[in-house]
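Hi everyone, thanks for coming. I'd like to walk you through a structure that may be new to you, so let's get it up on the screen.

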Amino acid sequence: MTTTDDQHATTDRSPLGLARWGDAALGTAVAAEEATAGLIRELRRAAEWRRQRLTELAERGAVERARYRRRTTEAAEAAVTAVAASPLIDRVVDRQLQRLLRPVVRAVLDDVLLLLEKEPERIQTLIRGQRESMVDELVGRLRAGADAGDTAVDRLTFRVFHRAPRPEPAPPPDL
């Protein structure tokens with residue numbers, strides 16, 4: 001009976017036949033490992049592409065959000081300016097002010113005039129206090145100007161005559 005090599009491979013229990021099965025199993029394992037490695041590479045490539053795409057979309061979204069905010073702000077400012085400059089709004093505001101402020105001013109002015117009539121000394125005290133503070137401020141400014149003038153004269157004298165400047169005068173007592 002003659003047998004072919006294929007028949008020997010399937011029925012042969014010799015060490016050579018077992019080695020062929022081992023080689024086939026090893027080849028299958030290597031092929032599976034290569035396929036798995038290729039699949040992992042492709043998955044990594046796809047994940048990286050998705051990360052890049054997500055980054056690009058996030059950047060584009062940020063730019064669009066900033067553009068939207070800028071345009072919204074510009075539109076709001078333009079609307080506020082248009083409303084504020086509107087002649088209709090001016091007329092409405094003027095009418096409301098006339099309707100509300102005139103009676104308030106009249107009432108307050110009447111109260112102030114009545115108070116002046118009843119208690120003139122309160123207003124006189126207020127006016128005297130204002131006059132005294134204005135005089136004090138004027139005197140202070142005159143003294144500061146005189147001090148600055150004295151300093152300038154002392155510098156000029158020192159340059160011309162090479163003399164030491166005068167000692168600083170004592171500050172004037174507060175009045």
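Before anything else, a word on what I'll be calling a helix: it's a DSSP run of H or I, at least four residues long, and the runs are numbered from the N terminus. Also, please keep in mind that what you're looking at is a predicted model.

Okay, with that in hand, let's start at helix H4, which covers residues 120-161. Glutamate 137 and arginine 141 both sit in there, four residues apart, and that's about one turn of the helix. Their side chains form a salt bridge, with the closest N and O atoms 3.1 Å apart. How covered up are these two? Glutamate 137 has 45% relative accessibility, so it counts as partly exposed. Arginine 141 has a relative accessible area of 59%, and the cut-off for exposed is over 50%, so arginine 141 is exposed.

Now, how many salt bridges does the structure hold? Five. I'll show you two others, and for both we go to helix H2, residues 15-84.

One of them joins arginine 67 to glutamate 64, and here the closest N and O atoms are 2.7 Å apart. Those two are three residues apart in helix H2, again about one turn. Both ends are partly exposed: arginine 67 comes in at 31% relative accessibility, and glutamate 64 at 33%.

The other one in helix H2 pairs glutamate 56 with arginine 53, at 3.7 Å from N to O. Why are they about one helical turn from each other? Because they're three residues apart in that helix. And here too we have partly exposed residues, with glutamate 56 at 44% relative accessible area and arginine 53 at 39%.

So much for charges. Let's move to something nonpolar.

There's a nonpolar surface patch of about 960 Å² here, and its members include Val83, Ile89, Leu101, Val112 and Leu116. Which helix gives the largest share of that patch? That would be helix H3, residues 87-118, with eleven residues. If you want a single residue to look at, try valine 112, which lies in helix H3. Valine 112 has 40% relative accessibility, so it counts as partly exposed. A patch residue needs over 30% relative accessible area, and valine 112, at 40%, is one of those in the patch.

That's my tour: salt bridges in helix H2 and helix H4, then a nonpolar patch with its largest share from helix H3. Thanks for listening!

Note on methods. Residues are numbered from 1 along each chain as its sequence is written. This is a predicted model: local features need pLDDT of at least 70, side-chain atom pairs count only at pLDDT 80 or more; totals for chains, interfaces and linings use all residues. Side-chain values use heavy atoms; hydrogens and water are left out. Patches are made of residues with over 30% relative accessible area and no salt bridge: like charges are joined within 9 Å, nonpolar side chains (Val, Leu, Ile, Met, Phe, Trp, Tyr) within 5 Å. Accessible areas come from the Shrake-Rupley method with a 1.4 Å probe; for residues, only the protein chains shown count as cover. A salt bridge is a side-chain nitrogen of Lys or Arg within 4 Å of a carboxyl oxygen of Asp or Glu. Buried means under 20% relative accessible area, exposed over 50%, partly exposed in between (1.4 Å probe, protein chains only).
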